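Let us walk through this model in two stages, beginning with one helix and then turning to a sheet and what packs on it.

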Amino acid sequence: MAKKNTTIGKSKSKARKNVLERINPNAAGIDIGANFHLVAIPEDRAEENIRKFGPFTSDLHRLADWLSEHRIESVVMESTGVYWIPVFQILEQRGFEVKLVNAAHVKNLPGRKSDVSDCQWLQQLHTFGLLNGSFRPKDQVCILRTFMRLRDILVKDCSSHISRMQKALTEMNVQIHRVLSDITGYTGMAIIRAIVAGERDGLKLARMKHPQVKASTEQIVKALEGDYRPEHLYALQTAIELYDAYQLKITECENKIEQQLKHFETKLDLGQVLEQSGALKARSAKVRQELHRQAYLASVCGVDLTRLPGLSTLAVEVIISETGLDMNCWKSEKHFCSWLKVCPDNRISGGKLLSSRPRKTKNRAAGMFRLAAQGAMQSKTAVGAFIRRLRARLGAPTAINAGANKLARLFYRMLKFGAAYVGQGQTYYEQRYKERVLHNLSKRAKELGFQLTPFQPATVSVS
């Protein structure tokens, strides 16, 4: 009988261990909406532990006061769209630990199909520490990210007006795009502005070309023969005015980006970086400005990330505006690549690999890494040789994604450890790849009881 009681006592102790521990007892859950927000706190804190708050700023401050009144320290929220941003910022300013969770990662229990149940479920999961917050960089990086995303929107909108300029010229049968590679270049814009101003003499227009334009004056004159109808000229003028307005806003946005970067702490001496980059000796003002921008970015990051194949100064600015400069937010480079979604997403069921296709993402940093990999594909670097080898075997999309993965790993190591990138070249990569293949073949042959011997070409003796 005593033995039986001992067994019961052990089973009860095991049951206590299986009970989930309350990691965040002072937790609240918020279900974010466009018209109202539902907030849930622990049941023992108030008789009405679920309340509804409006979307206005005064309502959000009342929400923060209510949470402080009931001794809430950590808040978790679920949202789609951008409605969560003001709630997140106000609660963070009031001293709460705020986490935004991915809606796809939070699955409701059966029967929980209302907003009230959602906020309760979030609060309960967060109490037991079962939710991971989405990545959000520091405030100064968020400001930079806002400017970079706005610049991207302005550039895309500006390109639509270039298309309208092209359409108006085509309707007038002005085939200037046949002789010029870019109508928004020096020559193209000079000719188009003169056409809008009333100039119709093809020879005078052709003489506006830049000395480096390969097309002859006769070719340009022939391309400028067209039907200059007033409605098409008005459409062309409107497109140019909007194009100029967007160009002005893009320049202002770039100045804002440059000013925001000055708030970042520099890790390298800017004077030494400028001297090493050759920015002080550059004759062209445009080249000098670009090198100065690249040098300042290197001083902020602590290492020149533009040395990575395919990464320009703009690409690095976009990436750090999305990821920040602190790589300690990710445990390893594998976690970083997983967050970017540039690694295989192995879906296994019953011990069988169903698919390894990477998950789709709208991450701007991942997009930049893929563009960089696509640009590095034709380069004479080790990364370029790696991408070309995979392209021949697996196709271009898979090869580009693998190249983006390799660039992301290098980016992570350079930022985290401050190590400079040293390009090894495609010759070194191809030699190492050959050695690795020979080693694997020798190992396989040995397992099968054979031995590899180098091929000796037969010699022909001449009598």
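Helix H17 covers residues 425-447, and because a helix is expected to span 1.5 Å times one less than its number of residues, these 23 residues should span 33 Å, which agrees with the 34 Å between the end C-alpha atoms. The model is predicted, so local features need pLDDT of at least 70 and side-chain atom pairs count only at pLDDT 80 or more, while totals for chains, interfaces and linings use all residues. Residues are numbered from 1 along each chain as its sequence is written, and side-chain values use heavy atoms, with hydrogens and water left out. Helices (H or I, at least four residues) and strands (E, at least two) are DSSP runs, numbered from the N terminus.

The buried residues of H17 (under 20% relative accessible area, 1.4 Å probe, protein chains only) are Gly425, Tyr429 and Ala445. Helix H15 (382-394) is included in what covers them, by contact, meaning heavy atoms within 4.5 Å. After H17 comes glycine 449, which has a positive phi near 85°.

Elsewhere, five strands make an open sheet of mixed pairing, ordered E3-E2-E1-E4-E5, where two strands pair if DSSP finds at least two bridges between them. Its edge strands, each pairing on one side only, are E3 (50-53) and E5 (97-101). Within the sheet, E1 (residues 27-31) and E2 (residues 37-40) pair in the antiparallel sense over three bridges, and glycine 29 has alanine 40 in E2 as its bridge partner.

Helix H2 (residues 57-69) packs on this sheet, touching E1, E2, E3 and E4 (74-78), and its direction makes about 160° with that of E3; axes are lines fitted to C-alpha atoms, for helices over the stretch in contact, and angles run from 0 to 180 degrees between N-to-C directions. Helix H3 (residues 84-93) also packs on the sheet, touching E1, E2, E4 and E5, with its direction at about 160° to that of E5.

Definitions and conventions: Buried means under 20% relative accessible area, exposed over 50%, partly exposed in between (1.4 Å probe, protein chains only).
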